[in-house]
Amino acid sequence: MNKREGSKVTIYDVAREAGVSKTSVSRYLGGRYDELSDKTRKKIELAISQMEYRPNTMARGLKSNKSYLIGIIVADINNPYTTAILRGAEDICSQNGYNLMICNSDNNPEKERGYFEMLLSHRIDGLILHTTGGNHDMLIQLQEQKTPIILLDRKVPDLDLDTVGLDNFQATSKAVHFLIDQNYERIAFFSEPASRISTRHERRLSFQQTLIGRSHPSSNDVYEVNVDDLQDVEAKLQHFLEKSEGASRAILTANSVVLLKLILLLQEKKMSVPKDLAVMGFDNPDWSTVVYSGISTIEQPTYQIGVAAMEMILRRIDGQVSPAQTVAYQAKLNIRETTPFIQKP
């Protein structure tokens, strides 16, 4: 049977087409698959596909006291990290009958606050947040309303919230150990201003502690750069180059945005990579495999982080009660042409 001409397909039509009860279809739409046999579930899936049935989300919400909306506020929608996170989250969201409301704060606490207020007005069932580090009062308000909140990587001090992200200490330390073992005599860390962003603090601290632990002289070679001001990036780069003149040197960037700005600047200055300067960066954007025959990167399992965040918030929405959890994934080093081994004389 195909979709009925000139009329809206209902749950009753799906049940009749599948040869099952309306209750079974309701259970399927509510994600209660454990209450259905595999045979029944496949019949319902086929009927829904053939009839192009679309559930009435508003009606479902009125009946269950849910909005079937999950909000996600990301810090920078242009960052490849964010794109992969959204793919993972959206895949799980749609599979479970929810809609995702995507908001981009541009790392701006005031803009983030406006999105908090908008999402509250839509009665979201849960929030996934890549926080700017501000707006504690709004998070407390959501907690008081029993709205589940999952933090993406960036932590919020003094609030007991679920967090899914990268083990930033492990990832940074792994990269620094590698660069030291490649015989780089000076290693700099380029990052956007740490401000209230916990990941930037963690990566910087791990960078410095690892160097100190290896008795390496570069623990103070930390530079905060304004990625919107190429002159600022150039000034910090020039300072490091002058400070490390005559030494084999490398720069580790805290994310792919900083990495891109640095690469553009190096090309503008016609500097040779890795001859003049070795480069390694957090994240693994697609273009990193083709520039300089491949840039060494610290790869995060970003798609899986998005999946895990959505799965966790759905469990909370379904009533899971337990202490706040932290899921920290391990990073993978992609060693390419920009960080060769340095032969000592």
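How much area does the chain expose, and what share of it do carbon and sulfur atoms supply? In this predicted model, the chain exposes about 16600 Å², and 48% of that area is supplied by carbon and sulfur atoms.

**View 1. The whole chain, with its 12 helices and 12 strands.** Taken along the principal axes, the box filled by the C-alpha atoms is roughly 80 × 40 × 35 Å. Of the 345 residues in the chain, 52% are buried, and among contacts between residues at least 6 apart in sequence, 68% join residues that are at least 24 apart. The chain carries 41 positive and 43 negative charges, and the mean positions of these two sets lie 6 Å apart.

**View 2. Helix H5, residues 80–95, and the elements that cover its buried residues.** The 16 residues of H5 reach 23 Å from the first C-alpha to the last, which is close to the 22 Å expected at 1.5 Å a residue. The buried residues of this helix are Tyr81, Thr82, Ala84, Ile85, Leu86, Gly88, Ala89, Ile92 and Cys93, and their cover includes strands E1 (69–74), E2 (99–104) and E4 (149–152) together with helix H12 (302–317).

**View 3. The two ends of helix H5.** At the start of the helix, a side-chain oxygen of Asn79 comes to within 2.9 Å of the backbone nitrogen of Tyr81. Just after the helix, Gly97 adopts a positive phi of about 80 degrees.

**View 4. Gly88 in helix H5 and the residues it touches.** Gly88 counts as buried because its relative accessibility is 0%, under the 20% limit used for that class. Leaving aside residues up to four places away in sequence, Gly88 touches Tyr303, Gly306 and Val307. Ile313 is 225 residues from Gly88 along the chain, and the C-alpha atoms of these two residues are separated by 13 Å.

**View 5. Tyr223 in strand E7, residues 222–224, and its surroundings.** With a relative accessibility of 6%, Tyr223 also counts as buried. When residues up to four places away in sequence are not counted, Tyr223 touches Ala188, Phe189, Phe190 and Ser191, as well as Lys236, His239, Phe240 and Lys243. One of these residues, Phe190, is 33 residues away along the chain, and its C-alpha atom is separated from that of Tyr223 by 5.0 Å. Another, His239, makes a polar contact through its side chain with the side chain of Tyr223, at 2.9 Å.

Notes
Residues are numbered from 1 along each chain as its sequence is written. This is a predicted model: local features need pLDDT of at least 70, side-chain atom pairs count only at pLDDT 80 or more; totals for chains, interfaces and linings use all residues. Side-chain values use heavy atoms; hydrogens and water are left out. Helices (H or I, at least four residues) and strands (E, at least two) are DSSP runs, numbered from the N terminus. The expected span of a helix is 1.5 Å times one less than its number of residues. Buried means under 20% relative accessible area, exposed over 50%, partly exposed in between (1.4 Å probe, protein chains only). Contact means heavy atoms within 4.5 Å. A polar contact is a pair of N or O atoms within 3.5 Å; within protein, one must be able to donate a hydrogen and the other to accept it, and residues adjacent in sequence count only if both atoms are side-chain atoms. Accessible areas come from the Shrake-Rupley method with a 1.4 Å probe; for residues, only the protein chains shown count as cover. Lys and Arg count as positive and Asp and Glu as negative; His and the chain ends are not counted. The place of a charge is taken as NZ of Lys, CZ of Arg, CG of Asp or CD of Glu.
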